[in-house]
Amino acid sequence: CLLVATWSLPSVSAWVPSSRPQNLQPPVMTRGNSNAASRSALFGVARRAANLFRGGGRERTRDELKLGIAGFYDRSSKLWEDVWGEHMHHGFYVPENRTDHVQAQVDLIDQVLAWAKVDSCTKAVDVGCGIGGSSRHLARKYNCQTEGITLSPYQAGRGNELAEEQGLKGKCNFQVADALQMPFQDNSFDVVWSLESGEHMPDKVQFVSELFRVCEPGGRIIIVTWTHRDLDEGESLTKKEDKLLDKINRAYYLPRWCSGKDYVNLLEGFGAKDVQREDWSYIIAPFWKAVIRSSLNLKSIWGLLRSGFSTIRGAYAMLLMLRGYKNGLIKFDLLTCTKPPAVSKHGMPM
Ligand code: SAH
């Protein structure tokens with residue numbers, strides 16, 4: 001998921017009251033009392049703004065999420081690309097004090113591929129592709145064909161533009177499509193790649209089911225995603241944890257979260273073979289601080305202001321993410337498996 005690049009730290013506490021002041025009741029309006037009227041209007045705006053930052057409201061419907069995600073990435077992708085480049089995901093911080101952040105993002109892709117033991121690829125799908133950084137990297141690395149899907153028309157357009165600029169036209173294709181209903185035939189890809197998009201999916205069963213459907217038998221599925229900590233049988237998140245995630249959800253257009261263990265159960269439920277999972281939270285930990293630091297310059301702040309409210313809110317949510325990682329609530333989970341090879345009617349591999 002895109003982590004908005006720009007932020008001016010001192011403003012955060014000024015804009016986000018920790019609790020709603022009790023005296024924010026609009027004054028009773030009387031005819032001709034224009035001061036009171038404008039004060040009331042101002043209070044109204046302030047209250048609505050505070051509510052937008054706060055979690056705890058009703059969950060967004062699927063349609064609201066889809067529209068929200070498309071708009072969020074339409075508005076913020078250019079700013080991210082200007083500051084951070086074509087990859088909209090965490091970096092691989094080994095050693096932990098490295099400062100070549102863009103290379104750290106590329107390394108994350110390579111390290112995930114190595115972890116999942118992908119040593120060849122003919123055709124990959126990049127589910128939730130951003131502006132296509134992973135797709136182009138895969139195409140160059142394996143000389144493969146890629147199809148990327150995103151909800152954001154801006155991202156799909158920019159993905160195609162960059163493919164052309166980088167001499168990959170015809171190899172990498174990007175389009176607007178929903179991961180929960182992919183426009184691809186069954187069994188189309190030998191590598192199914194989802195890097196930091198799963199957290200946006202309001203229906204994880206449908207999401208995984210689609211990944212399985214488009215994967216060819218024997219093909220590899222890779223999901224790198226934000227999850228919450230594993231829960232014991234009957235345990236649920238605490239109220240405080242729920243509240244933190246609610247706020248992040250509002251800012252990044254995310255639905256309810258699940259744990260890495262939930263994903264493992266889902267994959268196994270679909271008959272996946274060789275399911276593996278690893279928590280890389282500690283490997284990506286320095287990333288957020290780097291993003292926040294990168295935002296403390298005039299260009300970033302100006303870009304942020306021009307990108308509008310949802311981008312500003314996204315920037316504020318970086319601090320919440322940092323808190324979530326620190327207290328062990330949020331995890332950066334890697335999952336991989338293979339789709340079982342096709343079996344004939346007589347139980348023989350085909
Ligand atoms: N994987 C990319 C981008 C991560 S940002 C990268 O690492 O650079 C999250 C992406 O998921 C965005 O492109 C967003 O449009 C996409 N996304 C979220 N929900 C989606 C859905 N239902 N269908 C398709 N794409 C989706």
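This report walks through the ligand site, the empty spaces and two backbone details of a predicted model.

**The ligand and its shell**

Let us start with the ligand, which sits in the largest pocket. Around the ligand there are 22 residues, and those that come nearest are Met 88, Gly 128, Gln 155, Ala 179 and Leu 195. Sorted by class, this shell holds 12 nonpolar, eight polar and two charged residues. Two elements, helix H3 (62-84) and strand S2 (145-150), each give at least two residues to the shell.

Three pairings between ligand atoms and the protein backbone are worth a look, and the table sets them side by side.

| Ligand atom | Protein partner | Distance |
|---|---|---|
| nitrogen | polar backbone atom of Gly 128 | 2.8 Å |
| oxygen | polar backbone atom of Gly 130 | 3.0 Å |
| nitrogen | backbone N or O atom of Ala 179 | 2.8 Å |

How much of the ligand's accessible area does the protein cover? On its own the ligand has 570 Å² of accessible area, and the protein covers 99% of that. Gly 128 and Ala 179, both in the table, also belong to the residues that come nearest to the ligand.

**The largest pocket**

Now for the space that houses the ligand. The volume of the largest pocket is about 490 Å³. Its lining consists of 35 residues, and the closest to the pocket centre are Gly 128, Cys 129, Ser 197, His 200 and Met 201. Gly 128 thus turns up here as well as in the backbone pairings with the ligand.

Which elements give two or more residues to this lining? They are H3, helix H5 (133-142) and S2. H3 provides the largest share, with six residues. By class, the pocket lining comprises 16 nonpolar, 12 polar and seven charged residues.

**A closed cavity**

Rolling a probe the size of a water molecule over the atoms shows where empty space is left. Besides the pocket, the structure contains one cavity of 30 Å³ or more. The largest cavity encloses about 30 Å³ of space. Which residues line the largest cavity? Its walls are made by Glu 199, Lys 204, Trp 226, Arg 256, Trp 257 and Cys 258. Three of the lining residues are nonpolar and three are charged, with no polar ones.

**Two backbone details**

Most residues other than glycine have a negative phi, and most peptide bonds are trans. Two places in this model depart from those habits. The peptide bond from Val 94 to Pro 95 is cis, its omega being near 0 degrees. Pro 95 belongs to the loop between H3 and helix H4 (101-115). The other place is Lys 117, which is not a glycine and yet has a positive phi of about 55 degrees. You will find Lys 117 in the loop that runs between H4 and strand S1 (123-127).

Terms used: Residues numbered from 1 in each chain as written. Predicted model: local features only at pLDDT ≥ 70, side-chain atom pairs only at ≥ 80, totals over all residues. Heavy atoms only, no water. Near = heavy atom within 4 Å. Polar contact = N/O pair within 3.5 Å; in protein donor to acceptor, adjacent residues only side chain to side chain. Areas by Shrake-Rupley, 256 points an atom, 1.4 Å probe, with all protein chains shown as cover. 1 Å grid on protein atoms, 1.4 Å probe; cavity = no way out; pocket = protein on both sides within 12 Å on 5 of 7 lines; lining within 4 Å. Sits in = over half its atoms within 2 Å of the grid points. Helix = DSSP H or I, 4+ residues; strand = E, 2+ residues; numbered from the N terminus. Nonpolar A, V, L, I, M, F, W, Y, C, P; charged D, E, K, R; others polar. Points joined across faces, edges and corners; volume = space filled by probe spheres on them.
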